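Hi everyone, thanks for coming. Let me walk you through a structure at an easy pace, and please look along on the screen as I talk.

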Amino acid sequence: MSADVPLLRVAELSAGYGPVQVLHGIDFTVEPGEVVVILGANGAGKTTTLRAVSGMIPARGTVEFEGRSLLGTRPEKVARAGIAHVPQGRGTLAELTVEENLRLGAFARRDAQVASDVERWYEVFPRLGERRDQQAGSMSGGEQQMLAIARALMSRPKLVLLDEPSLGLAPIVTQELFRVLGELNRETGLSMLVVEQNAGLALGIATRGYVLEAGTIAVTGSAADLATNDDVRKAYLGI
Amino acid sequence: MSRTGETAPGVTARPAGAGGAARVPRPAGPAGRNPAWLVTSLVLSVLGAYFFVYYVPQNYAPSRVDLFTEALFVGLAATGLNILTGFNGQVSIGHGAFFGLGAYVTALMMDDRAYVEFAGREWGLGDGVPFLATLPVVAVVCLVVGALIGFPALRVKGLYLALVTLGLAVLFPDLTKRFVRGTGGTNLVGLRGADLAPPDWYDWFPDVIADPLDDYVGARDQWAYYVALVLVGLLLLAVHLIARSRFGRALIAVRDHEAAAETVGIDLARVKVSAFALSAAYAGLAGSLSVLVARQANAGRVETFQLSIEFLVALVVGGTATVFGPMIGGFLVVFFRDWIDQQQRLEDLFDSSARAKLLSPAIFGIGLIVMMFFLPDGIVGGSRRAWRRVTRRRSHPIT
Ligand SMILES: Nc1ncnc2c1ncn2[C@@H]1O[C@H](COP(=O)(O)OP(=O)(O)OP(=O)(O)O)[C@@H](O)[C@H]1O
Ligand SMILES: [Mg+2]
C-alpha cells in the first residue's frame with residue numbers, strides 16, 4: 001500500500017433515511033494509524049455518517065477503503081474488508097455469554113488464533129475475563145460497552161468505528177476506556193474513527209477532528225487546534 | 001511486532017502478531033460441574049435409556065408403541081421448527097407443509113401404484129423403495145424446498161412471516177389434491193402391510209430387540225419405533241452440536257440483533273435461508289416417520305394446519321432455543337391429546353351432544369394458557385431456573 005493513499009477516504013458523502021436527507025456532501029479522511037474524532041450536536045448526523053461508511057444505509061458520493069470503493073457494499077462485506085463498527089447503544093448479543101460474543105466477533109476469521117485473541121482481550125479488559133460465562137444481557141452498561149469494543153477488535157480490523165463509546169458510562173470508566181483506546185492505538189497502530197460527546201477525552205487521544213453541523217462539516221483541524229478553538233470549546237467542552 | 005507492558009494485542013490484520021501472548025490463568029469461573037448434578041444426570045440417563053430403548057417397545061401394546069413413535073416424530077418436527085423459530089427467530093406456522101412433503105415423498109417412493117401427475121406426465125418416484133432409502137431423498141428435497149421458501153421469506157418478518165407460512169399450510173393440501181394420484185385417484189397414498197415390514201436384516205439383531213415370535217407384520221410397530229428413536233437421537237445430537245457451533249452463534253446473533261450480526265460479518269440472508277432449509281429437512285424427516293405409523297401419506301387442510309400448530313405448541317411448551325425442549329414438548333402434546341381423546345370417548349358413551357365435541361380443544365387451550373402462565377420459558381427453561389435456585393441455596397446456606 002503506497003503511503004499517500006488514506007486508509008479511509010470519504011468525499012461528497014450524502015445519505016439519509018428515505019426522503020429525509022441527513023448528510024449533505026461531507027469529506028474526511030482517516031490515515032493509517034490515526035485516531036480521528038467527529039464532534040457534533042445531537043442530530044447532526046454523526047451516527048448516520050458511520051452507518052453510511054459501514055454500508056448500513058444507502059449513500060451517494062465516495063467511500064474508499066485502502067483505495068477500493070465501499071459504496072453499496074453490504075455491511076458484512078465491509079466488516080470482512082477490515083472495518084469494525086461498534087454501533088451506538090452497543091448491540092451486544094444479550095442471550096449469548098461474554099465469551100460467545102467475543103467468538104462471534106471473529107466470525108469472519110478462519111484462523112486458529114481466535115482462542116488466544118479471546119484471552120488477550122480478557123487481559124486488556126479484566127472485567128470481561130471475570131465474567132466470561134455470564135450472559136451479556138445481564139452485564140452493566142459499562143461492561144457491555146467494553147464487550148462491544150472487544151468484540152469488534154476480535155475481527156482484527158484495520159479501522160474501528162466507535163459511536164459514542166462513553167454513552168452511559170461513569171466518568172471514571174470513560175477515562176479508563178479512553179486510556180485503553182489510546183494505548184491500543186499507540187502500541188498497535190490501530191486506526192479509529194470516533195464519534196464522541198466527551199470532546200475533551202476524545203481529542204486527548206486523537207490526531208485530528210471534524211465538527212459536523214446539520215449534515216455538513218463546519219470545522220476541521222488537528223486535535224490540538226480543535227481543543228483550543230473557541231467555538232468548539234464553547235459548544236463541546238463546556239468552557 | 002514487539003510488545004511491552006501488560007497490554008499489547010496485535011490487532012492489525014497481520015496474523016504474525018497473534019502468537020506469544022502469555023496466557024493468564026483462568027479466573028475461577030462459576031463452580032464446575034457439581035457432583036449432585038453428575039449423579040443425577042447419570043442415573044436419569046441410565047433409567048431413560050432402559051425405558052426408551054427396551055421397556056417401551058418390548059412391553060407396550062403396538063398401539064401404545066405407535067403413540068411413542070408419534071411423540072418422537074412430532075417432537076422431531078418441533079425440534080426442526082426450533083432451529084428456525086427458537087434459534088433464528090423466524091416464526092413459522094406452516095411446518096405441517098414440510099412434514100407433509102416428507103410423508104408424501106416417502107410414501108410415493110415406497111408405493112408402486114401412486115404417482116405424481118405433473119406437466120402431462122406420470123412420475124412414479126419409485127416402486128417399493130425401502131423406507132430407509134427414502135430418508136436421504138426426503139432430506140435433500142426438503143432442504144431445497146425449504147431454501148426456496150426461505151428466500152422470499154427474507155422480505156418479511158414477525159407476524160407477516162407467520163402469515164406467509166400459514167399460507168404454506170393452507171396451500172399444501174390443495175397442491176397434493178392437484179398433483180398426487182394415490183389410492184382411488186385421491187391424494188391419499190396408502191401403503192400395504194408388506195411395504196411397511198421391517199427389512200430382513202432387522203432379524204439379525206438380538207432377540208431382545210427384534211422379537212422372533214413376532215411375524216413381520218407384528219414387528220412393524222417396534223421397527224418403526226426403533227427407526228424413529230435412532231433418527232431422533234442422531235438429529236438431536238446434530239442440534240446439540242449446531243447450538244455450540246459458529247453457525248449456531250450466527251443463528252442466535254441474527255435473531256437477537258440483525259444489525260450487530262451484520263457488523264461482525266454475518267451474511268443475514270445466508271444464515272436465514274440455511275435455517276429455513278435445515279428446519280424444513282427436520283420437519284420432512286418427521287413426516288417420513290409418520291408414514292410408518294399412519295401407513296399412509298395424506299394431507300387434509302385441517303390436519304396440516306393442526307400439525308403446524310402442534311409443532312409450535314410443542315416448541316413453546318418444551319422451551320425454545322433448547323436442545324431437548326421441543327422433544328419433551330412433542331411428548332406432552334401427543335400424550336395430552338391422546339388422553340383428551342380418551343376422555344372424549346368415555347364422554348361420548350353417555351352424551352353425544354355437541355358439548356362433548358368441544359371438550360378436547362377447550363381443555364387443550366386452557367391447559368396451554370395455564371402452562372404459559374406458570375412456565376413462560378417452557379419446561380426446560382423453567383426446570384433450569386428451579387435447578388439454579390436449588391443449587392444456589394445449597395452453596396450459600398447462610399443467607
Ligand atoms: N432510522 C432513522 N430514520 C429516520 N430518521 C433518522 C433515523 N436515524 C436518524 N434519523 C435522523 O437523522 C438525523 C441525524 O441522526 P444521527 O443519529 O446521525 O445523529 P447523531 O449526530 O448521531 O446524534 P446523537 O448525538 O444524538 O447520537 C436526525 O435528525 C435523526 O432524527
Ligand atoms: Mg449518534
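**A walk through two chains**

Let's begin with a turn: in the hairpin formed by E1(B) and E2(B), 2 residues sit between the strands, and B:Ala119 takes a positive phi near 55°. Before I go further, please keep in mind that this is a predicted model.

Staying with that hairpin, E1(B) and E2(B) pair in the antiparallel sense over 3 bridges. One pair to find on your screen is B:Phe118, whose bridge partner in E2(B) is B:Arg121. E1(B) also pairs with strand E3 (residues 180–181) of chain B, again antiparallel, over 2 bridges. Here B:Val116 has B:Val180 as its bridge partner.

Let me stay with B:Arg121 for a moment, which lies in strand E2 (residues 121–123) of chain B. Is B:Arg121 buried or exposed? Its relative accessibility is 52%, and exposed means over 50%, so B:Arg121 counts as exposed. If you look from there to B:Ala153, 32 residues apart along the chain, the C-alpha atoms of the two are separated by 31 Å.

Still in chain B, let's look at an open space. The second largest pocket has a volume of about 580 Å³. Its lining is made of 22 residues, and those nearest its centre are B:Leu101, B:Val105, B:Val116, B:Phe172 and B:Leu175. You have met B:Val116 already, as the bridge partner of B:Val180. Helix H3 (95–110), strand E1 (115–118), helix H4 (131–153) and helix H5 (158–179) of chain B each give two or more residues to this lining. Which of them gives the most? That is H3(B), with 7 residues.

Now over to chain A and its sheet. Six strands form an open sheet here, in the order E6-E7-E8-E3-E9-E10, and the pairing is mixed. Why do E6 and strand E10 (216–222) of chain A each have one side without a neighbour in the sheet? They stand at the edges, each with a single partner strand, so nothing in the sheet flanks the other side. On average, neighbouring strands are turned by 15° against each other, direction ignored.

Inside the sheet, strand E3 (residues 35–40) and strand E8 (residues 191–195) of chain A run parallel and are joined by 4 bridges. One pair to look for is A:Val35 with its bridge partner A:Met192 in E8(A). Helices pack on this sheet too. H1(A) touches E3, E6, strand E7 (159–163), E8 and strand E9 (208–213) of chain A, and its direction makes about 150° with that of E7(A). Helix H6 (residues 141–153) of chain A touches E6 and E7, with its direction at about 170° to that of E6(A).

Next, the magnesium ion, ligand 2. Its protein donors are A:Thr47, through OG1, and A:Gln88, through OE1, and they lie 1.8 to 2.1 Å from the ion. A:Thr47 belongs to helix H1 (residues 46–53) of chain A, while A:Gln88 is in the loop between strand E6 (83–86) and helix H3 (98–105), so the pair ties together parts that are 41 residues apart in sequence. A:Thr47 counts as buried, at 17% relative accessibility, whereas A:Gln88 is partly exposed at 36%.

Let's follow that loop into H3(A). This helix is mostly covered, with 6 of its 8 residues buried. Among the buried ones are A:Val98, A:Leu102 and A:Leu104. What do they pack against? The buried residues of H3(A) pack against helix H4 (114–124), helix H5 (126–130) and H6 of chain A, together with helix H8 (246–256) of chain B.

H4(A) has 8 of its 11 residues buried, so it is largely enclosed by the rest of the structure. A:Trp121 and A:Tyr122 are among those buried residues. Their cover includes H3, H5, H6 and helix H7 (171–188) of chain A.

Last stop: closed spaces. There are 4 cavities of 30 Å³ or more, and the largest has a volume of about 90 Å³. This largest cavity is lined by 14 residues, with A:His85, A:Arg151, A:Ala152, B:Thr263 and B:Val264 nearest its centre. E6 and H6 of chain A each supply at least two lining residues, and the largest share, 4 residues, comes from E6(A).

That's my tour. Thanks for listening!

Notes:
Residues are numbered from 1 along each chain as its sequence is written. Chains are lettered from A and ligands numbered from 1 in the order in which they are written. This is a predicted model: local features need pLDDT of at least 70, side-chain atom pairs count only at pLDDT 80 or more; totals for chains, interfaces and linings use all residues. Side-chain values use heavy atoms; hydrogens and water are left out. Donors are N, O and S atoms within 2.8 Å of the metal (3.2 Å for Na, K and Ca); water is not among the atoms, so sites may look incomplete. Buried means under 20% relative accessible area, exposed over 50%, partly exposed in between (1.4 Å probe, protein chains only). Two strands pair if DSSP finds at least two bridges between them. Axes are lines fitted to C-alpha atoms, for helices over the stretch in contact, and angles run from 0 to 180 degrees between N-to-C directions. Contact means heavy atoms within 4.5 Å. On a 1 Å grid over the protein atoms alone, a cavity is a set of points where a 1.4 Å probe fits but cannot get out, and a pocket is an open set with protein on both sides within 12 Å along at least five of seven lines; lining residues have an atom within 4 Å of a point. Grid points are joined across faces, edges and corners, and a volume is the space filled by probe spheres set on the points.
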